[in-house]
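I opened this chain to look up its secondary structure, its burial and its side-chain contacts. The entries below keep the order in which I went through them.

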Amino acid sequence: MNSVLTLSGLDVRYLTSSRVRVDDQTRSWWLAREHACLAQDNTRLCSELKDLEASANTWIRLYEAALERANAAEAECARLRQSTLP
């Protein structure tokens with residue numbers, strides 16, 4: 001009897017808690033199911049990594065723009081202080 005493997009994990013073969021000898025077909029089925037779950041997790045994590053990288057790049061650009069504005073404001077303050085000194 002061949003097993004059907006689904007990525008959604010709906011097809012689950014339950015084993016009893018007693019010690020049973022696992023045959024090669026059952027072991028193969030569990031390994032294939034684990035492989036499918038790991039592939040699914042890998043795809044999800046790669047997608048999350050892309051989102052995090054894009055977010056990090058956005059925050060870096062925002063920080064650099066804020067730093068540039070702060071440096072410009074500081075330079076203007078210094079210029080104004082110099083112009084008011086006798």
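My notes on the model follow, one topic to an entry.

**Ground rules.** I am working with a predicted model, in which local features need pLDDT of at least 70 and side-chain atom pairs count only at pLDDT 80 or more, while totals for chains, interfaces and linings use all residues. I number residues from 1 along each chain as its sequence is written, and my side-chain values use heavy atoms, with hydrogens and water left out.

**Secondary structure.** I looked up the elements as DSSP runs, numbered from the N terminus, with helices (H or I) of at least four residues and strands (E) of at least two, and I found one helix and zero strands. Helix α1 takes in residues 24-84, which makes 61 residues, and I compared its expected span of 90 Å, at 1.5 Å a residue, with the 88 Å between its end C-alpha atoms, and the two agree. For that expectation I multiplied 1.5 Å by one less than the number of residues.

**Surface and burial.** With the Shrake-Rupley method and a 1.4 Å probe, only the protein chains shown counting as cover for residues, I have an accessible surface of about 7800 Å² for the chain, 59% of it belonging to carbon and sulfur atoms. I call a residue buried under 20% relative accessible area, exposed over 50% and partly exposed in between, and by that rule 6% of the 86 residues of the chain are buried. In α1, I noted Thr26, Trp29, Arg33 and Ala36 as buried.

**Aromatic rings.** I paired rings of Phe, Tyr and Trp (its six-membered ring) if their centres lie within 6.5 Å, with planes under 30 degrees apart as stacked, over 60 as edge-to-face and the rest as tilted. The structure holds one such pair: the rings of Trp29 and Trp30 have centres 4.8 Å apart and planes at 85°, so I recorded the pair as edge-to-face. Trp29 is buried at 5% relative accessible area, whereas Trp30 is partly exposed at 29%.

**Salt bridges.** How many salt bridges does the count come to? Requiring a side-chain nitrogen of Lys or Arg within 4 Å of a carboxyl oxygen of Asp or Glu, I arrive at four.

- Asp24 and Arg27 meet at 3.2 Å, N to O, and these two residues of helix α1 are three residues apart, or about one helical turn. Asp24 is exposed at 61% relative accessibility, while Arg27 is partly exposed at 41%.
- Arg44 and Glu48 meet at 3.1 Å, N to O, and they lie four residues apart in helix α1, about one turn. Arg44 is partly exposed at 42%, as is Glu48 at 36%, and I also noted that a network of salt bridges links Asp41, Arg44 and Glu48.
- Glu76 and Arg79 meet at 2.5 Å, N to O, again three residues apart in helix α1 and separated by about one helical turn. Glu76 is partly exposed at 34%, and Arg79 is partly exposed at 47%.

**Cysteines.** Last, I looked for disulfides, taken as pairs of cysteine sulfur atoms within 2.5 Å, and the count comes to zero. I looked up the exposure of two cysteines as well: Cys37 is partly exposed with a relative accessible area of 28%, and Cys46 is partly exposed with 39%.

Technical notes
Buried < 20%, exposed > 50% of the residue type's maximum accessible area, 1.4 Å probe, protein only.
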